[in-house]
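Hi,

Here is the structure I said I would pass on. Have a look at it first, and then read my notes underneath.

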Amino acid sequence: MWIWGALAGLGSALGAWLLYQGLSRAPFAIVVPVSAVAMVAIALGLSLIFLGERPSARVWLGVVIALPAIWLTAGGGKPNKARMNSSTKAGMLLGLGAGLGFALQLHLLGQVPDHAASYGIALCMFSGAVCCLPFYQRTHPARKRFPVLATAAGGISALGLTLYALSREGQLAIISIVIVSMHPLLPVVFGSLVRRERVSGTSIVG
C-alpha cells in the first residue's frame, strides 16, 4: 500500500513543478485553465481504463457541463491565433503536463485502501517534498514568514487530500475529481470579496 502513496507524491511534484514553470512563462489565464481541464480529462480516462468505472448518463452530463465551466471560471477564453506565440505554446504544454501530474496523484492516491488513507497521504506529501528538493534554489534571503506560509500551505494541502480520500467512499472516483477540479472558483470568489477584484464576464459565465 505504501507504493501508491509514494507514486502519488511523484505525480504531485511533477504537477506542481510544471504548473509553476508554466506560470513563469505564460499568462495565468492560459496555464491554469489548461491544467484544470487536462486533469479532469486524463483522470476520467484513467478511471475508465484502469478502474473500469462506467458513469451514468447523469454523470456524463455533469462532466460535459463541468469542463467548459472550469475553463471559463479560470479565465480561459477563445484561443486567439494571433496571440499563439512561443511562450503561450510552452505554457499550454506545461499546463497539460501539470494536469497529467495532478491526475496521476489523485488516481494513485485513490488506490490506497480507505483504512490507510492518512498513511497514504503522509507518504504522498513526503515523497513529493523529496522530489522537489533538487529544484530548490535559494537566490535571495528567505523572509521569516516564508516557512510559516509554506507550513500552512502544506497543512491545507494535506487537509484537502484527506477530504478527497473521504469523498471517494461509495461513489465513482471521477465525481470527486470533477468537484476537486472546481478549485479555480475559490480564488475568483476570494479575489472578488476580499481584494475587490473585478470578475470578468467569462468567469461569471463559468
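Below is what turned up, starting with how far to trust the model.

This is a predicted model, where local features need pLDDT of at least 70, side-chain atom pairs count only at pLDDT 80 or more, and totals for chains, interfaces and linings use all residues. Residues are numbered from 1 along each chain as its sequence is written, and side-chain values use heavy atoms, leaving out hydrogens and water.

The mean pLDDT (the predictor's confidence in each residue, from 0 to 100) is 83, and 91% of the residues reach 70 or more. By element, helix α1 (residues 2-23) has the highest mean, 91, while α8 has the lowest, 74. Helices here are DSSP runs of H or I with at least four residues, numbered from the N terminus.

Now the core. A nonpolar core is a set of buried Ala, Val, Leu, Ile, Met, Phe, Trp, Tyr and Cys residues joined through side-chain atoms within 4.5 Å; buried means under 20% relative accessible area, with a 1.4 Å probe and protein chains only. The largest one has 32 residues, and Val63 and Leu106 are among those with the most contacts inside it. Helix α4 (86-109) gives the most to this core, with seven residues.

Take a look at α3 too. Its buried residues include Val59, Val63 and Ile70, and the buried residues of α3 pack against α2 (28-50), α7 (173-180), α8 (185-193) and α9 (201-205). Val63 touches Leu44, Ile174 and Val178, not counting residues up to four places away in sequence; contact means heavy atoms within 4.5 Å.

Cheers

Technical notes: Buried < 20%, exposed > 50% of the residue type's maximum accessible area, 1.4 Å probe, protein only. Helix = DSSP H or I, 4+ residues; strand = E, 2+ residues; numbered from the N terminus.
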